[in-house]
Amino acid sequence: MLWLSAARLRTLPLSISGIFIGSFAAFTSNNFNFYIFLLAIATTISYQVLSNFANDYGDGVKGTDLNRVGPKRLVQSGLITPKEMKKGIIITSIVSLSLTVLLVSISFEGSPLHIVLFLILGILSIFAAIKYTVGSNPYGYLGLGDLFVFIFFGLTSVLGSNFLYTTKFNSSLLYPALTIGLLSVGVLNLNNMRDIQNDKLVGKKTMSVRMGLKNSKFYHFFLISISIISMILFLIKVENYSIIFILLIFINIIWLTNHIYKVFKVNDPENFDHFLKPLVFATVFYSISLCFSFVYLI
């Protein structure tokens, strides 16, 4: 149970939302492959669990979690020793790399160039998952976490996963990739606003610490607003869609607009934690709406 807690299973739906979109979009070109889909999901989950283990370890040994507001971390609390967590990171890294090799081998059979390119991308993903909080200069402590989340949760997740099926760049998926990426950064920003006081004390220079709480709220407004615009632009770009699809997106836009309004009213940073699950839900809802549309409606 301790390791399941360290894996932070509640973060997994967000991490696979982009994979679902990229995978089910392959239905529109009759390229969907169930085995690639399962492996892509398993690989992404392994990356996310690795990131969560590394985050627990990195923040724990640095003492960052001492006065943290969010969920309990295992290394900081002493329930898992740094040595044990380090072993967990090594094992999960091996599993992640093995799944990556298997995935690209099946997806790009007969195409060595694609295999090499995606193996490099997989290795970079593993490195990014670990380097977020681990090491002497972790990029999460320099305010670069937002950029990496946008790239890996949005662009790489959606466009990269679709490429596994089609071996082509699908430009029409750029808008959903932007949407998922921006909403994922929004989730990270809520975390950072919640922990702004503690992060400032320990020298963790997240975007929220650099901008201050007031500007972080405007930053959050920007992230969610641009994601909504991307949703609308995708509706305009796709000509053959159903009224049900429009309704689902419209519901999500209303949800996100209300979310922005409520976030601006928060004064106590600890209360930002209440908005994490709803924003994750909105992201997953958008992903499922698109998947449903790709298979049945568009």
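1. In this predicted model, Asp 59 and Lys 204 are both buried. The two residues form a salt bridge in which the closest N and O atoms lie 3.6 Å apart. Asp 59 belongs to helix H3 (residues 34–62), whereas Lys 204 sits in the loop between helix H9 (196–202) and helix H10 (207–211), so the pair ties together parts that are 145 residues apart in sequence.

2. The structure holds three salt bridges. Besides the pair just described, Arg 194 forms a salt bridge with Asp 273, with a distance of 2.6 Å between the closest N and O atoms. Arg 194 lies in helix H8 (residues 174–194) and Asp 273 in the loop between helix H12 (243–264) and helix H13 (276–297); the pair therefore ties together parts that are 79 residues apart in sequence.

3. Arg 194 also meets Asp 195 in a salt bridge between their side chains, at 2.9 Å from N to O. Arg 194, Asp 195 and Asp 273 are accordingly to be read as a network of salt bridges.

4. How do the members of this network stand with respect to solvent accessibility, buried or partly exposed? Arg 194 has a relative accessibility of 2% and therefore counts as buried, the cut-off being under 20%. Asp 195 is buried as well. Asp 273, with a relative accessible area of 27%, is partly exposed.

5. As to secondary structure, the protein comprises 13 helices and zero strands. Its pattern along the sequence is accordingly α-α-α-α-α-α-α-α-α-α-α-α-α.

6. The overall dimensions may be considered next. For 298 residues, a compact globule would have a radius of gyration near 19 Å, and the protein agrees with this at 19 Å. Taken along the principal axes, the box filled by the C-alpha atoms is roughly 50 × 45 × 30 Å.

7. On packing, 52% of the 298 residues count as buried. Of the contacts between residues at least 6 apart in sequence, 75% join residues at least 24 apart.

8. Two points on surface and charge complete the note. The accessible surface comes to about 14,000 Å², and carbon and sulfur atoms account for 68% of that area. The protein carries 22 positive and 12 negative charges, and the mean positions of the two sets are 3 Å apart.

How values were computed:
Residues are numbered from 1 along each chain as its sequence is written. This is a predicted model: local features need pLDDT of at least 70, side-chain atom pairs count only at pLDDT 80 or more; totals for chains, interfaces and linings use all residues. Side-chain values use heavy atoms; hydrogens and water are left out. A salt bridge is a side-chain nitrogen of Lys or Arg within 4 Å of a carboxyl oxygen of Asp or Glu. Helices (H or I, at least four residues) and strands (E, at least two) are DSSP runs, numbered from the N terminus. Buried means under 20% relative accessible area, exposed over 50%, partly exposed in between (1.4 Å probe, protein chains only). The radius of gyration is taken over C-alpha atoms; the globule rule is 2.2 Å times the number of residues to the power 0.38. Contact means heavy atoms within 4.5 Å. Accessible areas come from the Shrake-Rupley method with a 1.4 Å probe; for residues, only the protein chains shown count as cover. Lys and Arg count as positive and Asp and Glu as negative; His and the chain ends are not counted. The place of a charge is taken as NZ of Lys, CZ of Arg, CG of Asp or CD of Glu.
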